[in-house]
Amino acid sequence: MAKAVVTAAVVAVAVAAVLELGLVGANFQDQCDITWEPQNAKMTEGGNHLTLSLVSNSSGCMLRTKKQFIYGSVSTRIQLVKGNSAGTVTTYYTSSIGEKHDEIDFEFLGNETGKPYTLHTNVFADGVGSREMQFRPWFDPTDGFHNYTIFWNPCMIVWFVDSIPIRVFRNHSEAGVAFPTQRPMYAFSSIWAAEDWATQGGRVKTDWTKAPFVAEYRDIALSVCECSGSGSAAGAAGADAASPTCARGCATPDHWYAAPELCQLSEKQLRQMKAVQLGYTIYDYCADARAKGRPVPPECALKQY
């Protein structure tokens, strides 16, 4: 009994450390490459501070981690574009490379001055997406930095904002629901133009006289199971699955993120998430399918928490 209590305490401390940035020594300069429009990115403070700029409707910017991984936690702090950000999309997400890709998304859809951002989440598994949930932030994401974390283990995916869980997507592969378990992912950050859909369904366009639009990032924390699959060097050839040995090894419970205690939210986390979802959800793909009489995805009837 005492050993179990100690183990649970160690896991809790590990999770708290992962979700709270500031004690992490990793930085963008050491951990990442600029893979699109590097002239629109700038690193300062020894690589701990990053800006990504959107200059025109064809010239944004993208950053990608050097590491590929299966499972773990990736975090960064972001201050979104100030003022009129209509038509802009700032992102923080993980994704595999190649066909039938896996992806876990945070996307921040800009708006007119004085109107709130949309916090957009989605998950793709085996190339299947359309699992969107959207929220209005309960804070001003342009006033100071806020911590965004993607936690991914063999049991579930959790999206955190300032250490508060806002959404869970559970592994129900035994019920035929695709879940990312095989393809190594990179973590990405980007800013790009999407005025045809991003703000009020495309009704509000980007005011390019306000360009450049600048998103700021501070610090990056990667506590992951590094897993170099064929997607890193041979991704262009279309193969993106990790070796079976690596995928199985990253799923074993000796890794902190795969501890049994982390297969569900704590009671406190569950209360926090329900409060956010009750007060700030503006779109839920499950509810939308039911309301419009479309086929409801099978996971919508299964336990997520």
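Which backbone oxygen does the side chain of N40 reach? In this predicted model, the partner is the backbone oxygen of G60, at 2.8 Å. N40 sits in the loop between β1 (32–36) and β2 (41–44), yet being in a loop doesn't leave N40 out in the open: with a relative accessibility of 9%, under the 20% cut-off, N40 counts as buried. Setting aside neighbours within four places in sequence, the residues in contact with N40 are T51, L52, S53, V55, S59, G60 and C61.

Next come the annotated positions. UniProt, in an unreviewed entry, lists E103 and E107 under "active site". E103 lies in strand β7 (residues 103–109), and E107 is in β7 as well. Are these glutamates buried or exposed? E103 has a relative accessible area of 13%, so it is buried; E107, at 13% relative accessibility, also counts as buried. The side chain of E103 makes a polar contact of 2.8 Å with that of H101. Beyond four places in sequence, E103 touches Y93, T94, S95, N122, V123, F124 and M185. For E107, the corresponding list runs V89, T90, T91, T118, L119, H120, W192 and W197.

Then there's the nonpolar interior. In soluble globular proteins, nonpolar side chains tend to be buried together. Here, the largest nonpolar core has 65 residues, and F106, Y148 and W152 are the ones that touch the most other members. W152 has contacts from several parts of the sequence; leaving out neighbours within four places, they are F69, I70, Y71, G72, I104, I157, F179, P180, R183, M185 and Y257. M185 thus turns up in the contacts of W152 and in those of E103.

Helix α5 (residues 267–280) offers a simple geometry check. At 1.5 Å a residue, its 14 residues should span 20 Å, and the end C-alpha atoms are indeed 20 Å apart, so the two agree. Which residues of α5 are buried? They are Q269, M273, V276 and Q277. Viewed down the axis of α5, the buried residues fall within an arc of 95°, so they line one face of the helix. An α-helix has 3.6 residues a turn, so residues three or four places apart point the same way. The cover over the buried residues of α5 includes β9 (133–135), β11 (156–161), β12 (164–170) and β15 (281–284). On the face turned away from the buried side sit the exposed residues E267, K268, R271, L278 and G279.

How values were computed. Residues numbered from 1 in each chain as written. Predicted model: local features only at pLDDT ≥ 70, side-chain atom pairs only at ≥ 80, totals over all residues. Heavy atoms only, no water. UniProt positions renumbered as here; feature names shortened; annotations may be inferred. Helix = DSSP H or I, 4+ residues; strand = E, 2+ residues; numbered from the N terminus. Buried < 20%, exposed > 50% of the residue type's maximum accessible area, 1.4 Å probe, protein only. Contact = heavy atoms within 4.5 Å. Polar contact = N/O pair within 3.5 Å; in protein donor to acceptor, adjacent residues only side chain to side chain. Core = buried A, V, L, I, M, F, W, Y, C linked by side-chain atoms within 4.5 Å. Expected span 1.5 Å × (residues − 1). Arc of directions from axis to C-beta.
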